[in-house]
Amino acid sequence: TKKKELFISIMASRRDLSMRPMHRRSTLVVHAREAATPPALPFTPYLAFAFFNAFFLVFEFQLVVPTAQQYVEALNVDARLSGLLIGCNQFGTAVLQLPVLLLLWLVPIKWALVLLVALMGVGNLLYALALPLRSVTLLFAGRLLCSTTSGLQIGNSVIDMELDDPQLEFTASRYISFLYELGSVAAYVLAAFYMLVLTPSFGSGIVVNVATICGYTSFGACVLFLLAMLTTLSPRKRLRETPAATTRAPSPRSAILGVLFMFVLNAMEVLRQVTLFQLFGRRWVFDGALDNMPAMALLAAFVFVGVLVTFPLDALFKPTPTGILPAFAGAAVSYLLVLPYPTHTTASVLLQAFGGVLFAFFQRSCFAYANFLVLRYVKKSPHRRLLLALNSMAMSCGIAMGATCATLFDLSAVPHMALLVAAVALIALVPRT
């Protein structure tokens with residue numbers, strides 16, 4: 001019996017030993033699979049705020065574009081300054097970046113964001129009231145105040161606060177770029193709807209027309225935005241400078257290149273969008289708005305479907321110098337399709353829209369990579385907040401320049417070609433390693 005028990009114990013121990021290596025190998029395989037799976041983006045309340053803000057600031061910016069010229073003419077201002085009215089939102093963004101930086105540094109982030117959104121709401125209300133009060137000053141002041149949460153500083157500050165993984169930061173930048181486009185398309189659709197159902201009258205008194213409704217709509221959205229922020233955002237500490245906590249050492253050249261790309265890419269995109277409205281406007285008469293509404297609706301639907309369909313394909317481009325070069329090259333080539341055409345037909349506008357969707361597909365990844373270069377360098381910099389503010393200024397100046405040049409040059413291809421040459425020059429400077 002003792003021999004039998006000894007034999008059983010020996011066999012059991014051998015079986016246990018034989019199982020251990022297999023168990024270890026299977027554990028290693030499981031860990032390897034987990035490591036290969038990309039981490040999921042955590043949707044915290046602050047990240048949700050950054051994403052919604054990205055959508056809304058472009059929605060608010062683009063909603064006034066179709067009626068800006070009629071608004072300034074109603075106030076007896078030269079129609080050529082409509083581009084300045086559109087662009088002053090982003091000029092204001094550039095000017096306000098340093099005060100916003102100081103506010104984020106001195107005040108807990110929740111209350112800093114609440115104050116900025118409240119000021120944005122006031123700006124939209126002033127924009128709507130400029131017509132009944134017949135005040136050009138209120139019109140431009142309102143547009144300036146609408147820019148308090150614009151730019152990249154707030155979104156990047158939240159990404160820097162919530163994320164540290166490089167892949168997650170690149171993914172967050174892609175989402176922000178996608179939401180910019182979605183906000184733009186939503187503004188096109190709503191503007192077209194307003195033109196269909198509202199009067200174009202610019203008479204005296206408190207009126208709700210195709211121009212003032214834009215300000216009232218954005219003001220109401222700001223009120224809802226504020227209520228959501230007050231109930232969901234938790235108190236956080238001030239965004240003070242913190243020492244670098246990373247072993248990565250990206251070069252200053254990459255960060256500078258990212259800032260320059262941010263300026264050029266946004267100037268190209270906004271110049272393209274405003275030019276598209278100008279081309280359509282050559283056929284647009286307010287008295288015949290019903291005749292043109294089907295084309296406007298078709299244009300908006302086409303762009304919307306294009307944005308949604310191409311977004312999953314963004315994963316083709318990786319946040320590496322070699323992985324992103326095809327996106328830069330595609331953006332440069334596809335921009336040739338969006339140059340102004342001498343004919344002002346529905347077909348030319350739709351061709352512009354097709355080129356715009358193609359350009360936007362490549363531009364999204366370029367934008368995300370440019371932002372990624374800056375975020376990576378920010379991690380090691382002792383002046384991270386200042387760098388985020390400068391990057392946001394570059395984006396805002398690019399948007400403002402694109403909007404202003406579109407109307408000042410009146411469908412000339414000169415600014416388009418100048419930006420295209422600058423983009424190609426920057427592509428050549430992208431480090432290969």
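**Helix 6 and the loop before it**

I started at the N-terminal end of helix 6, where S135 acts as the cap: one of its side-chain oxygens sits 3.4 Å from the backbone nitrogen of T137. Note to self: this is a predicted model.

Then I looked up which residues of helix 6 (residues 136-145) are buried, and got L139, F140, G142 and R143. Looking down the helix axis, I see these buried residues fall within an arc of 155°, so they line one face of helix 6. That fits the textbook picture: an α-helix has 3.6 residues a turn, so residues three or four places apart point the same way.

I also checked R134, which sits in the loop between helix 5 (109-129) and helix 6. R134 isn't a glycine, yet its phi is positive, about 50°. Its relative accessible area is 41%, so I put R134 down as partly exposed.

**Aromatic pairs**

I moved on to the rings and found 17 aromatic pairs in the structure. One of them is F56 with F225: ring centres 6.3 Å apart, planes at 70°, so edge-to-face. F56 belongs to helix 2 (residues 45-63) and F225 to helix 9 (residues 212-232), so this pair ties together parts 169 residues apart in sequence. I have F56 as buried at 2% relative accessible area, and F225 as buried at 7%.

I pulled up F328 and Y369 as well: centres 6.3 Å apart, planes at 75°, so that pair is edge-to-face. Here helix 12 (residues 321-334) supplies F328 and helix 13 (residues 346-378) supplies Y369, so the parts tied together are 41 residues apart in sequence. F328 is buried at 2% and Y369 is buried at 4%.

Last entry: I found F56 and F225 again in one aromatic cluster, along with F49, F52, F55 and F59.

How values were computed. Residues are numbered from 1 along each chain as its sequence is written. This is a predicted model: local features need pLDDT of at least 70, side-chain atom pairs count only at pLDDT 80 or more; totals for chains, interfaces and linings use all residues. Side-chain values use heavy atoms; hydrogens and water are left out. Buried means under 20% relative accessible area, exposed over 50%, partly exposed in between (1.4 Å probe, protein chains only). Helices (H or I, at least four residues) and strands (E, at least two) are DSSP runs, numbered from the N terminus. The arc is that of the directions from the helix axis to the C-beta atoms. A polar contact is a pair of N or O atoms within 3.5 Å; within protein, one must be able to donate a hydrogen and the other to accept it, and residues adjacent in sequence count only if both atoms are side-chain atoms. Rings of Phe, Tyr and Trp (its six-membered ring) pair if their centres lie within 6.5 Å; planes under 30 degrees apart count as stacked, over 60 as edge-to-face and the rest as tilted.
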